[in-house]
Amino acid sequence: MTTPPALLIAGHGTRDDAGAEAFRAFVRELGRRRPGLPVAGGFIELSPPPLGEAVAELVQRGVRRFAAVPLMLVSAGHAKGDIPAALAREKERHPGVSYTYGRPLGPHPALLRVLERRLAEAVDPSWDPAGVTVLLVGRGSTDPDANAEVFKAARLLWEGRGYAGVETAFVSLAAPDVPSGLDRCARLGARRIVVLPYFLFTGILPDRVRTQTEEWAAAHPDAEVRSAGVIGPEPELLDLVLERYEEAVKGDLRMNCDSCVYRIALPGFEDKVGLPQQPHFHPDDDGHHHHGHGHTHSHSHAH
């Protein structure tokens, strides 16, 4: 019987200790759910363990093949470029190791159900959904394709659920920001607004979303504003990661490249097409000898 490839979870990283521990606990839970399947996880930046350390852990356990799944909601530069570059580097570090690369999580129906639960937890049970406007807040990216995926998630969340509307905002790098998104909701006539962070785990950016929401609400007492929780380590998320693992193992990969900024010349981003790629420098990864360009985003994109 052929031994199945191990599972490597690739995370972004956060300066928030609780958020980083939530990721590590999630990886441990995946291992408990699939006993006999080697599972490890690491970050590309900001928090330990680095991705290279997770690969080394698998190799020490005798793993020669693994499938890597990016624990990310959208295909931005990290999923498209930094992680593939880091995996290529690890293959050079560990001769004889092979891997396949899965796709990000995306607005999967299972995660939309979790988002719907988070909304239900945040609102008053007496509120009619038809009178509630939702502001879905994503991380934000310099990649227009990634930002568009958040708008797609907002539309899918709105469809068939009866809310007055689902608007979109970003907490960093992209417009509209959270206050502007709330202003838009108010201009559209919203009097009951739920701000829904489109994040997997707690961290500095979700905390910032909540703080900005509270500040806006204090300045607009005529509106009822609630903050919802992040997705969290729900069973649906565990199942989806394992689904992405199975896709990668079977070769059933369906990443969208139609509007990838590194393949297609999009207005204002023409200089990114075809750029070669290098991995992030992780400060805890002693095996990586960088040359002072630790956060350069260059990309070759075999995705």
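This short talk walks through a sheet, a second pair of strands, a helix contact and one buried residue. Please keep in mind throughout that the model is predicted.

Let me begin with the sheet. It is an open sheet of 4 strands in the order 2-1-3-4, and the pairing is parallel. At the edges stand strand 2, residues 39-43, and strand 4, residues 98-101, each of which pairs on one side only. From one strand to the next, the twist averages 25 degrees. As general background, the strands of a sheet pair through backbone hydrogen bonds, either parallel or antiparallel.

Strand 1 deserves a closer look. It covers residues 6-11, and 5 bridges join it to strand 3, residues 65-70, with the two running parallel. Strand 1 is also joined to strand 2 by 5 bridges, again in parallel. Individual pairs can be named. Ala6 faces Phe66 in strand 3. Ala10 has Pro70 as its bridge partner in strand 3, and Ala10 stands opposite Gly42 in strand 2.

How many of the residues of strand 1 are buried? The count is 6 of 6, and the strand is mostly covered. In a regular strand, side chains alternate between the two faces of the sheet. In strand 1, Ala6, Leu8 and Ala10 belong to one side, Leu7, Ile9 and Gly11 belong to the other, and all of these are buried, which leaves both faces covered.

Now to the helices that accompany the sheet. Strand 1, helix 1 and strand 2 form a β-α-β unit that is right-handed. Helix 2, residues 51-60, lies across strand 1, strand 2 and strand 3, and runs at about 160 degrees to strand 2.

Helix 1 has a further partner. The axes of helix 1, residues 17-33, and helix 8, residues 235-250, come within 11 Å of each other and cross at roughly 70 degrees. An angle from 65 to 115 degrees counts as roughly perpendicular, and the two helices are therefore described as roughly perpendicular to each other. Which residues of helix 1 meet helix 8? They are Phe26, Glu29, Leu30 and Arg33, and on the side of helix 8 they meet Pro235, Leu237, Leu238, Asp239, Val241 and Leu242. The residues of this contact comprise 7 nonpolar, no polar and 3 charged.

I turn next to strand 5 and strand 6. Strand 5, residues 133-138, runs parallel to strand 6, and 6 bridges join them. In between, the chain passes from strand 5 through helix 5, residues 144-158, to strand 6, in a right-handed β-α-β crossover. One pair in this arrangement is Leu136, which stands opposite Thr168 in strand 6.

Why is strand 6 described as largely enclosed by the rest of the structure? The reason is that 6 of the 6 residues of this strand, residues 165-170, are buried. Gly165, Glu167 and Ala169 are buried on one side, and Val166, Thr168 and Phe170 are buried on the other, so both faces are covered.

Finally, consider a single residue, Ala79, which lies in helix 3, residues 77-93. Is Ala79 buried or exposed? Its relative accessible area is 1%, and because buried means under 20%, Ala79 is buried. Apart from neighbours within four places in sequence, Ala79 is in contact with Met72, Val74, Pro84, Tyr101 and Pro104. Ala79 and Ala10 are 69 residues apart in sequence, while their C-alpha atoms are 8.9 Å apart in space. That brings us back to strand 1, where Ala10 is among the buried residues.

Definitions and conventions:
Residues numbered from 1 in each chain as written. Predicted model: local features only at pLDDT ≥ 70, side-chain atom pairs only at ≥ 80, totals over all residues. Heavy atoms only, no water. Buried < 20%, exposed > 50% of the residue type's maximum accessible area, 1.4 Å probe, protein only. Contact = heavy atoms within 4.5 Å. Axes fitted to C-alpha atoms, helices over the stretch in contact; angles between N-to-C directions. Parallel < 35°, antiparallel > 145°, perpendicular 65-115°, else oblique. Nonpolar A, V, L, I, M, F, W, Y, C, P; charged D, E, K, R; others polar. Pairing = 2+ DSSP bridges. Right-handed = clockwise from strand over helix to strand, strands pointing away.
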